[in-house]
Amino acid sequence: MSNCIFCRIIGGEIPAKKVYEDEEILAFDDMNPQAPVHILVIPKKHIRNMMEVDTGDTGLLGRLFFKAQEIAQSSGCAEKGARFVVNCKSNGGQTVDHLHCHVLGGRFMTWPPG
């Protein structure tokens, strides 16, 4: 989807501070961080949201969440923890229509979040 901001970041049209990249996953610092650690982990495959995941995507999602865990650990969140957030559609707070996981850490997270 060429108009998607995350697809444009994947394609190199929009710069991002990359934290990790392989053939299926890209992770980069959030442009509007809500915590000292705020990294977005996205699949390179355009999936609009969690409601559009199908059975063929289960391996990709497993890798995505495992990579999110590794990124949290390497960002200094191993000891005290982190928050992993996937927003879905407008009522879920999703603002970019490309599946992504927020990795938030480096401070205490309050509850409820919204």
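## Briefing: salt bridges, strands, cysteines and rings

The side chains of D97 and R48 meet in a salt bridge, with N and O 3.4 Å apart, and this pair links distant parts of the chain, since D97 is in the loop between β4 and β5 while R48 is in the loop between β3 and α2, 49 residues apart. The model discussed here is predicted. A search of the whole structure finds 10 salt bridges, whereas the count of disulfides is zero and the count of aromatic pairs is one. The points below take up the charged pairs, the strands, the cysteines and the aromatic rings in turn.

**Charged pairs**

- Side chains of opposite charge can pair when their charged atoms come close.
- In the bridge between D97 and R48, both partners are partly exposed, D97 with a relative accessible area of 34% and R48 with a relative accessible area of 30%.
- The side chains of D57 and K45 also meet in a salt bridge, at 2.5 Å from N to O, and although both residues lie in the loop between β3 (37–43) and α2 (58–77), they are 12 residues apart and the pair is counted as linking distant parts of the chain.
- The two partners of that bridge have unlike surroundings, for D57 is buried with a relative accessible area of 3%, whereas K45 counts as partly exposed at 44% relative accessibility.
- K18 forms a salt bridge with E21, in which the closest N and O atoms are 3.1 Å apart, and K18, E21 and K44 are linked in a network of salt bridges.
- Within this network, K18 is partly exposed with a relative accessible area of 44%, and E21 is likewise partly exposed, with a relative accessible area of 37%.

**Strands and their pairing**

- Strand β3 is largely enclosed by the rest of the structure, because seven of its seven residues are buried.
- Both faces of β3 are covered, with V37, I39, V41 and P43 buried on one side and H38, L40 and I42 buried on the other.
- Strand β3 runs antiparallel to β2, to which five bridges join it, and in this pairing L40 of β3 is the bridge partner of F28.
- Five bridges also join β3 to β5, again in an antiparallel arrangement, and here V41 stands opposite C101 in β5.
- Strand β5 (residues 101–105) is in addition joined to β4 by four bridges, the two strands running antiparallel, and A82 stands opposite G105 in β5.
- In a regular strand the side chains alternate between the two faces of the sheet.
- Such alternation is seen along β4 (residues 82–85), where R83 and V85 point to one face and are buried, while A82 and F84 point to the other face and are not buried.

**Cysteines**

- The structure holds zero disulfides, and for C77, which is in none, the nearest cysteine sulfur is that of C101, 12 Å away.
- The sulfur of C88 has its closest cysteine sulfur in C101 as well, at 13 Å, which is too far for a bond.
- Both C77 and C88 count as buried, C77 at 5% relative accessibility and C88 at 19% relative accessibility, where the cut-off for buried is under 20%.
- C77 lies in helix α2, and, leaving aside residues up to four places away in sequence, C77 touches V37, A72, A82, G105 and G106.
- Of these contacts, the one with V37 joins residues that are 40 apart in sequence, while their C-alpha atoms are 8.4 Å apart in space.

**Aromatic rings**

- A pair of aromatic rings is described by the distance of the centres and the angle of the planes.
- The count comes to one aromatic pair, and because the rings of F6 and F28 have their centres 5.6 Å apart and their planes at 75 degrees, the pair is edge-to-face.
- This pair links distant parts of the chain, with F6 in helix α1 (residues 5–10) and F28 in strand β2 (residues 25–29), 22 residues apart.
- Both F6 and F28 are buried, and F28 is also the residue whose bridge partner in β3 is L40.
- A charged side chain is found at another ring, where K67 lies over the face of Y20, at 4.0 Å from the ring centre.

Key: Residues numbered from 1 in each chain as written. Predicted model: local features only at pLDDT ≥ 70, side-chain atom pairs only at ≥ 80, totals over all residues. Heavy atoms only, no water. Phe/Tyr/Trp six-rings, centres within 6.5 Å; stacked < 30°, edge-to-face > 60°. Buried < 20%, exposed > 50% of the residue type's maximum accessible area, 1.4 Å probe, protein only. Lys NZ or Arg CZ within 6 Å of the ring centre and 35° of its normal. Pairing = 2+ DSSP bridges. Disulfide = S-S within 2.5 Å. Salt bridge = Lys/Arg side-chain N within 4 Å of Asp/Glu carboxyl O. Contact = heavy atoms within 4.5 Å.
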